[in-house]
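The following exercises are to be worked through with the sequence and the structure at hand. Each task is followed by a solution in steps.

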Amino acid sequence: MNEDFKELRERMQDIKQLWMQVKELEDENDKLRFILAKGEGECVYCGLPKKDMARCIYGFPGCGRADDLQNGETTAAHAAERKPK
Ligand SMILES: [Zn+2]
């Protein structure tokens with residue numbers, strides 16, 4: 001019984017670790033998508049350059065680029081809040 005409990009605790013630690021790694025990768029992914037969305041390059045979703053963003057066939061907002069921009073700004077704002085002063 002005690003061994004089962006110990007193993008369960010270890011499994012829970014593993015899950016927690018993996019969950020934290022997923023979170024880290026999600027944050028990194030958001031950051032990279034934000035950088036791409038902010039860049040002058042073509043949209044990775046619709047192919048339009050930044051200056052034509054408003055003409056996206058998915059609409060604006062609506063294109064994934066808009067979502068990435070908005071998401072990145074929210075993430076950046078949260079990161080700034082968390083920064084020690
Ligand atoms: Zn687009």
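A residue counts as buried if 20 or more other C-beta atoms lie within 10 Å of its own, as exposed if 12 or fewer do, and as partly exposed in between. The model examined here is predicted.

**Exercise 1.** Determine whether Arg 33 is buried, partly exposed or exposed.

*Solution.*
Step 1. Locate the residue: Arg 33 belongs to helix 1.
Step 2. Count its surroundings: 19 other C-beta atoms lie within 10 Å of Arg 33.
Step 3. Apply the cut-offs: buried requires 20 or more, and exposed requires 12 or fewer. Arg 33 is therefore partly exposed.

**Exercise 2.** State which residues Arg 33 touches, leaving aside residues up to four places away in sequence.

*Solution.*
Step 1. With those residues left aside, Arg 33 touches Asp 68 and Gly 72.
Step 2. Place these partners: Asp 68 and Gly 72 are among the residues of helix 2 that meet helix 1.
Step 3. Consider also Tyr 58, which is 25 residues from Arg 33 along the chain; the C-alpha atoms of the two are separated by 18 Å.

**Exercise 3.** Describe how helix 1 and helix 2 are arranged.

*Solution.*
Step 1. Helix 1 and helix 2 (residues 64-82) pack with their axes 8 Å apart, at an angle of about 120°.
Step 2. The range from 65 to 115 degrees counts as roughly perpendicular, and angles over 145 as roughly antiparallel. The two helices are therefore oblique to each other.
Step 3. Their crossing is left-handed.
Step 4. Helix 1 contributes residues including Asp 27, Phe 34 and Lys 38 to the meeting, while helix 2 contributes residues including Arg 65, Leu 69 and Thr 75.

**Exercise 4.** Compare the span of helix 1 with the expected value, and state how many of its residues are buried.

*Solution.*
Step 1. Helix 1 covers residues 2-38, which makes 37 residues.
Step 2. From first C-alpha to last, helix 1 reaches 54 Å, close to the 54 Å expected at 1.5 Å a residue.
Step 3. Helix 1 is hardly covered, since its count of buried residues is one.

**Exercise 5.** Decide whether the protein is a compact globule or more spread out.

*Solution.*
Step 1. The secondary structure consists of two helices and zero strands.
Step 2. The radius of gyration is 20 Å, well over the 12 Å that the globule rule gives for 85 residues, so the protein is more spread out than a compact globule.
Step 3. Along the principal axes, the C-alpha trace spans about 65 × 35 × 20 Å.
Step 4. Of the 85 residues, 6% count as buried.

Technical notes: Residues numbered from 1 in each chain as written. Predicted model: local features only at pLDDT ≥ 70, side-chain atom pairs only at ≥ 80, totals over all residues. Helix = DSSP H or I, 4+ residues; strand = E, 2+ residues; numbered from the N terminus. Expected span 1.5 Å × (residues − 1). Rg over C-alpha atoms; globule rule 2.2 N^0.38 Å. Axes fitted to C-alpha atoms, helices over the stretch in contact; angles between N-to-C directions. Parallel < 35°, antiparallel > 145°, perpendicular 65-115°, else oblique. Left-handed = near helix turned anticlockwise from the far one by under 90°. Contact = placed C-beta atoms within 7 Å.
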